[in-house]
Amino acid sequence: MNQKTKRLKNLKQKQAKGETLSKEERTEKKRLHADFKNKIASLQFGNLKPEEDYTDEEKEHVAALSSKLKQEYAQKKVTEEGHPNHPAGEAGKAMLTRMNESHGPLTQWGLSQLDFGEQDHILDIGCGGGACLSRLSKLVKDGTFVGIDYAKTSVEATKQFNQSLIQDGKLQVYEASVSEMPFDDESFDKIVTVESYYFWPDFDNDMKEVFRVLKKGGHFLLIAEIYDQKTLSQEVRENIKKYNMRNLNLDQFVEVFEQTGFADIALHVKPHQRWIAVEGVKAQ
């Protein structure tokens, strides 16, 4: 990536974060964008045949590829504008809606690693759009549930997604941080968190807070779509850096769970995926 392309990317990222470009920066962005389009237009792609000579199979393939690229671009745009570390506004709501769908398989797999009691009292930390709590309510039909998130937009989205649970008196949702949870010691039978530990403010101390509100004999399950390993793509590594995400490897997960005081630590890794679910038990 040359300097002009890097500069154009930086200006776009600045806008995506909600920062206002100066008049000079807007002019520069317009000029760099025009230069980039001209460069693409000047590229030679060999002897491509005219579109009318494509077979029906080739046309279907091109259409499918184009649709996939548009979808990926739209999802990436939603994530960037929604600020995954602290969703806010309409863009944040759109991102939470997308995450409710895209995190579904990961959440279902992760929760399948845990054995639930019929009447468990369960906490979801970083409840996001509320889909995990909905899944929990179907797994533990006689249970009661609590969700917390430090983003007001997420709290509102969770409440809207789970209106019937709230009306039935089975769910409470709070705007709160994992660093200082408004619960008594040993309040919950199970605690789960999905795709949120990346952004916890002080991971070591936050883990101690999780340990504090978990009952003796209770289980804590941390579910994440990625963990630090050699097979992570460059794009994933760039996103980790871009969003300032915490990304532990297997040994680091075990170390922090042990230091917190958890026993019977288990690492569940999805074959042929980057998924991980780390489980710890608070001794009796």
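**Helix packing, aromatic pairs and selected residues in a predicted model**

Residues 24 or more positions apart in sequence account for 66% of the contacts in the protein with a separation of 6 or more. The model is predicted. Its secondary structure consists of eleven helices and seven strands, and 39% of the 284 residues of the protein count as buried.

Two helix pairs were examined. Two packed helices are described by the angle between their axes and the distance between the axes. Helix H9, spanning residues 203–213, packs with helix H11, residues 250–260, at an angle of about 50°, and their axes are 9 Å apart. H9 is therefore oblique to H11, an angle counting as oblique when it falls outside the roughly parallel, roughly perpendicular and roughly antiparallel ranges. The crossing in which H9 passes H11 is right-handed. On the H9 side, the contact is made by Phe203, Asp204, Met207, Lys208 and Phe211, which meet Val256, Phe257 and Thr260 of H11. Classified by residue type, this contact of H9 with H11 has five nonpolar, one polar and two charged residues.

The spacing of contact residues along a helix can be read against its geometry. An α-helix has 3.6 residues a turn, so residues three or four places apart point the same way. The buried residues of H9 are Phe203, Asp206, Met207, Glu209, Val210, Phe211 and Val213. Besides H11, the buried residues of H9 pack against three strands, namely E1 (121–125), E4 (188–194) and E5 (214–224).

The second pair comprises helix H5, residues 104–111, and helix H6, residues 131–139, whose axes come within 11 Å and cross at roughly 40°. H5 is thus oblique to H6. The crossing of H5 and H6 is right-handed. Gly104, Thr107, Gln108 and Leu111 in H5 meet a set of H6 residues made up of Cys132, Arg135, Leu136 and Leu139. By class, four nonpolar, three polar and one charged residues make up the contact of H5 with H6.

Aromatic side chains were considered next. The structure holds twelve aromatic pairs. One of them joins tryptophan 200 and phenylalanine 203 in a tilted arrangement, with 5.8 Å centre to centre and 50° between the planes. Both tryptophan 200 and phenylalanine 203 are buried. A further tilted pair is formed by phenylalanine 257 and phenylalanine 262, with 5.3 Å centre to centre and 40° between the planes. Phenylalanine 257 and phenylalanine 262 are likewise buried. Phe203 contributes to the contact of H9 with H11 on the H9 side, and Phe257 on the H11 side. Ring pairs also link Tyr197, Tyr198, Phe199, Trp200, Phe203 and Phe253 into a cluster.

Two residues that are not glycines have a positive phi. For glutamate 195 the phi is about 60°, and this residue is found in the loop between E4 and H9. With a relative accessible area of 15%, glutamate 195 is buried, because it falls under the 20% cut-off. For histidine 272 the phi is about 65°. Histidine 272 lies in the loop between strand E6 (263–269) and strand E7 (276–281). Its relative accessibility is 86%, so histidine 272 counts as exposed, the cut-off for that class being over 50%.

Two buried residues illustrate contacts between positions separated in sequence. Isoleucine 223 is found in strand E5 and, at 1% relative accessibility, counts as buried. Excluding residues up to four places away in sequence, isoleucine 223 touches Leu106, Thr107, Gly110, Leu111, Thr193, Val194, Glu195, Ile276 and Ala277. Glu195 in this list is the residue with the positive phi of about 60°. Isoleucine 223 and valine 269, which are 46 residues apart in sequence, are 10.0 Å apart in space, C-alpha to C-alpha.

Leucine 165 is found in helix H8, residues 163–167. This leucine 165 counts as buried at 10% relative accessibility. Not counting residues up to four places away in sequence, leucine 165 touches Leu133, Ser137, Lys170 and Leu171. The C-alpha atoms of leucine 165 and threonine 144 are separated by 9.2 Å, with these positions 21 residues apart along the chain taken as their separation.

Terms used
Residues numbered from 1 in each chain as written. Predicted model: local features only at pLDDT ≥ 70, side-chain atom pairs only at ≥ 80, totals over all residues. Heavy atoms only, no water. Axes fitted to C-alpha atoms, helices over the stretch in contact; angles between N-to-C directions. Helix = DSSP H or I, 4+ residues; strand = E, 2+ residues; numbered from the N terminus. Parallel < 35°, antiparallel > 145°, perpendicular 65-115°, else oblique. Left-handed = near helix turned anticlockwise from the far one by under 90°. Contact = heavy atoms within 4.5 Å. Nonpolar A, V, L, I, M, F, W, Y, C, P; charged D, E, K, R; others polar. Buried < 20%, exposed > 50% of the residue type's maximum accessible area, 1.4 Å probe, protein only. Phe/Tyr/Trp six-rings, centres within 6.5 Å; stacked < 30°, edge-to-face > 60°.
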